[in-house]
Amino acid sequence: TLDSFKLEQRSREIAFEKHIKDMASRLEAMKTELESAKEQLNSSQMKAMMDALTQLPNRGAYDMNLAKEYERYRRYGGELSLLVCDVDKFKKINDNYGHQAGDKVLQLISRQVKKGTRDTDFLSRYGGEEFVVILPETSVNEAQGVAEKIRLQVANSPFHFKGERVQITISCGVASFKKGYRPEQVFDAADRALYVAKESGRNQCHIGKL
């Protein structure tokens, strides 16, 4: 009877050890699947936040980054500016040379704007032919200097489409945060300054007032 009990006990122990090993193996497989799912989710989120044509952050990414920078500015103060750029006569480029040329212009400008900004700045394609740059710790005059640098780089960039020289220029509006003003108010000030730049002959930069 004792021998039989020992055999049964040992059999249960072996079965339990096998069960534990199976559970550990399943848990490891679940961990691997979870890590893979996380990587796919992160990749999907990154793609959702990127503009496919220019490979720049899109409007959604801009909104998130601006909210973060505004909170930092609201808590700690300092400087924070916005720069809004728009391609001059972009519709004419599309009408005269086609949308393929328009796409190449947007890619060219995204590269030039990126060259004119710092690693700490946040550049995004806001929509259509409009780009927005968030400039942390940058005064309005410094931001205007950045805008002028970008404007000149774009204007001096040689762009040819099917052997024909195409002159590309941008206009820019600049605005800086002040206490008591919300992000949308600062953006509107920069956007109004952009409109003034367009109405004043294009290929220039203006500072917006809150």
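Trainee: Which hand does the crossing of H4 past H5 have, left-handed or right-handed?

Mentor: Right-handed: the near helix is turned clockwise from the far one by less than a right angle, whereas anticlockwise would be left-handed. Bear in mind that this is a predicted model, where local features need pLDDT of at least 70, side-chain atom pairs count only at pLDDT 80 or more, and totals for chains, interfaces and linings use all residues. Residues are numbered from 1 along each chain as its sequence is written, and side-chain values use heavy atoms, leaving out hydrogens and water.

Trainee: Why is H4 called oblique to H5?

Mentor: Helix H4 (residues 99–115) and helix H5 (residues 140–155), both DSSP runs of H or I with at least four residues, have axes that come within 9 Å and cross at roughly 140°. Roughly parallel is under 35 degrees, roughly antiparallel over 145 and roughly perpendicular 65 to 115, with the rest oblique, so H4 is oblique to H5.

Trainee: What makes the contact between H4 and H5?

Mentor: Ile 109, Gln 112, Val 113 and Lys 115 of H4 meet Lys 149, Ile 150, Gln 153 and Val 154 of H5, where contact means heavy atoms within 4.5 Å. By class, four are nonpolar, two polar and two charged.

Trainee: And what makes H3 oblique to H4?

Mentor: Helix H3 (residues 90–97) packs on H4 at about 140°, with the axes 6 Å apart. That angle makes H3 oblique to H4.

Trainee: Which residues of H3 and H4 meet?

Mentor: Phe 90, Ile 93, Asn 94 and Tyr 97 in H3 touch His 99, Ala 101, Gly 102, Val 105 and Leu 106 in H4. This contact has six nonpolar, three polar and no charged residues, with Gly counted as polar and Tyr as nonpolar.

Methods:
Axes are lines fitted to C-alpha atoms, for helices over the stretch in contact, and angles run from 0 to 180 degrees between N-to-C directions. Helices (H or I, at least four residues) and strands (E, at least two) are DSSP runs, numbered from the N terminus.
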